[in-house]
Amino acid sequence: MGPISVLPIPPDRQLRSVAAAWSIKAWRDTFAADTMQWYLNLYKTGDFNSGLPFTVAAMQGSNLIGIGSLVADDELPNTFEAGPWLAAIYVDPKFRRHGAGTQIVNALLDQAFTLGYREVFGYTESKLSWYQAMGWEFIRDAEVSNHAVAVMRRKLL
């Protein structure tokens, strides 16, 4: 496996379409109304501002292997955490367990710190221990679209 680089999502429509398709497939049970255009708009909005949303792509050479975003609000019902929120962290299954997910999360945390945030929130259905190994702390249980999730926080130094 060659080196992985994590960078702001390139303005390549085909690459962005792959990323959007991954996100739709991964979270269709939770966010059934999300469309390809919704994700493409998210990525495009990030192109024209210096804040949120912010999306990164994990690349191996010219191949997209993962994606992740930092957003102001990740659609968690009845939430009181201010944000920003880690969102839509996804690594192609062929490339998992090689550090791409960790690099994506760290790049988004670095961006949050650069933007002046001192904590970031997120939630997960099944990867709490993975996040905790990276310094995230469990805050509470919640529910999104009838799915139990663990809400987490990562303080930034």
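Biologist: Does arginine 140 count as buried or exposed in this structure?
Modeller: This is a predicted model, in which local features need pLDDT of at least 70 and side-chain atom pairs count only at pLDDT 80 or more, while totals for chains, interfaces and linings use all residues. Residues are numbered from 1 along each chain as its sequence is written, and side-chain values use heavy atoms, with hydrogens and water left out. A residue is called buried under 20% relative accessible area, exposed over 50% and partly exposed in between, using a 1.4 Å probe and protein chains only. Because the relative accessible area of arginine 140 is 17%, this residue counts as buried.

Biologist: With which side chain does the side chain of arginine 140 make a polar contact?
Modeller: Arginine 140 is part of strand E6, where helices (H or I, at least four residues) and strands (E, at least two) are DSSP runs numbered from the N terminus. A polar contact is a pair of N or O atoms within 3.5 Å; within protein, one must be able to donate a hydrogen and the other to accept it, and residues adjacent in sequence count only if both atoms are side-chain atoms. Leaving aside neighbours within four places in sequence, arginine 140 is in contact (heavy atoms within 4.5 Å) with several residues, including Asn78, Phe80 and Val149. The polar contact of its side chain, at 2.9 Å, is with the side chain of glutamate 81.

Biologist: Which pattern do the helices and strands follow along the sequence?
Modeller: The chain has four helices and seven strands. Read along the sequence, these elements give the pattern β-α-α-β-β-β-α-β-α-β-β.

Biologist: What is the radius of gyration of the chain?
Modeller: The C-alpha atoms fill a box of roughly 40 × 35 × 30 Å along the principal axes, and 45% of the 157 residues count as buried. The radius of gyration is taken over C-alpha atoms, and the globule rule used for comparison is 2.2 Å times the number of residues to the power 0.38. For 157 residues that rule gives 15 Å, and the chain is close to it, so the chain is as compact as a globular protein of that length, with a radius of gyration of 15 Å.

Biologist: How far apart do the centres of the positive and negative side chains lie?
Modeller: Lys and Arg count as positive and Asp and Glu as negative, whereas His and the chain ends are not counted. The place of a charge is taken as NZ of Lys, CZ of Arg, CG of Asp or CD of Glu. On this basis the chain has 14 positive and 15 negative side chains, and the distance between the centres of the two sets is 6 Å.

Biologist: What relative accessibility does tryptophan 136 have?
Modeller: Tryptophan 136 lies in the loop between helix H4 (128–133) and strand E6 (137–144). Outside its neighbours within four places in sequence, tryptophan 136 has contacts that include Leu86, Val105, Phe121 and Met152. Tryptophan 136 counts as buried because its relative accessibility is 3%.

Biologist: Which proline does a cis peptide bond join to glycine 83?
Modeller: Most residues other than glycine have a negative phi, and most peptide bonds are trans. Glycine 83 lies in the loop between E3 and E4 and is buried, with a relative accessible area of 9%. Not counting residues up to four places away in sequence, glycine 83 touches Ala72, Tyr117, Glu119 and Phe121. Its cis bond, with omega about 5 degrees, leads to proline 84.

Biologist: From which residue does the cis peptide bond to proline 53 run?
Modeller: Proline 53 is placed in the loop between helix H2 (36–47) and strand E2 (54–60), and omega of this bond is near 0 degrees. The residue before the bond also lies in the loop between H2 and E2, and its contacts beyond four places in sequence include Leu70, Pro84 and Tyr117. The bond to proline 53 runs from leucine 52.

Biologist: What is the phi of asparagine 78, which is not a glycine?
Modeller: Asparagine 78 is found in the loop between E3 and E4, and it is exposed, with a relative accessible area of 76%. Its phi is positive, at about 55 degrees.

Biologist: Where does arginine 97, a residue with phi near 70 degrees, have its place?
Modeller: The phi of arginine 97 is a positive value in a residue other than glycine. Arginine 97 counts as exposed, at 84% relative accessibility. Its place is in the loop between E4 and helix H3 (100–114).
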